Amino acid sequence: MENPIPGGAGRKAKAIQEVLNGSMVHDFHDMQQLGADMEAMKTNSELLEEGLVPDPVQDES
């Protein structure tokens, strides 16, 4: 049995041999969704203003 890569948004999973490694998205729909997700994320400055601690790996200093 092949190890499937989970599909996104209700799509069927792809076989490992069909997946392009090193890519954050698998198709244009995934790219649009990732862009929307990233747009909705708060910046480090916004998190600090709310009293939250940003991810140190993402720190821009």
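Lysine 42 is partly exposed in this predicted model, its relative accessible area being 44%, and its partner across a salt bridge is glutamate 50. Glutamate 50 likewise falls into the partly exposed class, because its relative accessibility is 45% and the class runs from 20% to 50%. Side chains of opposite charge can pair when their charged atoms come close. In this pair the closest N and O atoms are 2.7 Å apart, and since a salt bridge requires a separation within 4 Å, the contact satisfies the criterion. By that rule the count for the model comes to 1 salt bridge.

From this pair one can step back to the fold. The protein chain contains 2 helices and 2 strands, and reading along the sequence gives the pattern β-β-α-α. Strand S1 covers residues 4-5, while strand S2 covers residues 14-15 and includes lysine 14. Lysine 14 is partly exposed, with a relative accessible area of 33%, and its C-alpha atom is separated by 9.6 Å from that of histidine 26, a residue 12 positions away along the chain.

Helix H1 follows, spanning residues 28-40. At its start, a side-chain oxygen of aspartate 27 reaches to within 3.2 Å of the backbone nitrogen of histidine 29. The length of H1 can be checked against expectation: at 1.5 Å a residue, its 13 residues should span 18 Å, and because the end C-alpha atoms lie 19 Å apart, the model agrees with that figure. Helix H2 then occupies residues 44-49.

How much of the chain is buried, and how are its contacts distributed? Of the 61 residues, 10% count as buried, and among contacts with a sequence separation of 6 or more, 0% join residues 24 or more positions apart. The chain exposes about 5,500 Å², of which carbon and sulfur atoms supply 57%.

The confidence of the prediction should be kept in view while reading these details. The chain averages a pLDDT of 76, and 69% of the residues score at least 70. Confidence is highest in helix H2, at a mean of 91, and lowest in strand S1, at a mean of 48. Over residues 1-5 the pLDDT is below 50, although this stretch does have 12 contacts in the model beyond near neighbours in sequence.

Notes:
Residues are numbered from 1 along each chain as its sequence is written. This is a predicted model: local features need pLDDT of at least 70, side-chain atom pairs count only at pLDDT 80 or more; totals for chains, interfaces and linings use all residues. Side-chain values use heavy atoms; hydrogens and water are left out. Helices (H or I, at least four residues) and strands (E, at least two) are DSSP runs, numbered from the N terminus. The expected span of a helix is 1.5 Å times one less than its number of residues. A polar contact is a pair of N or O atoms within 3.5 Å; within protein, one must be able to donate a hydrogen and the other to accept it, and residues adjacent in sequence count only if both atoms are side-chain atoms. pLDDT is the predictor's confidence in each residue, from 0 to 100. Contact means heavy atoms within 4.5 Å. A salt bridge is a side-chain nitrogen of Lys or Arg within 4 Å of a carboxyl oxygen of Asp or Glu. Buried means under 20% relative accessible area, exposed over 50%, partly exposed in between (1.4 Å probe, protein chains only). Accessible areas come from the Shrake-Rupley method with a 1.4 Å probe; for residues, only the protein chains shown count as cover.
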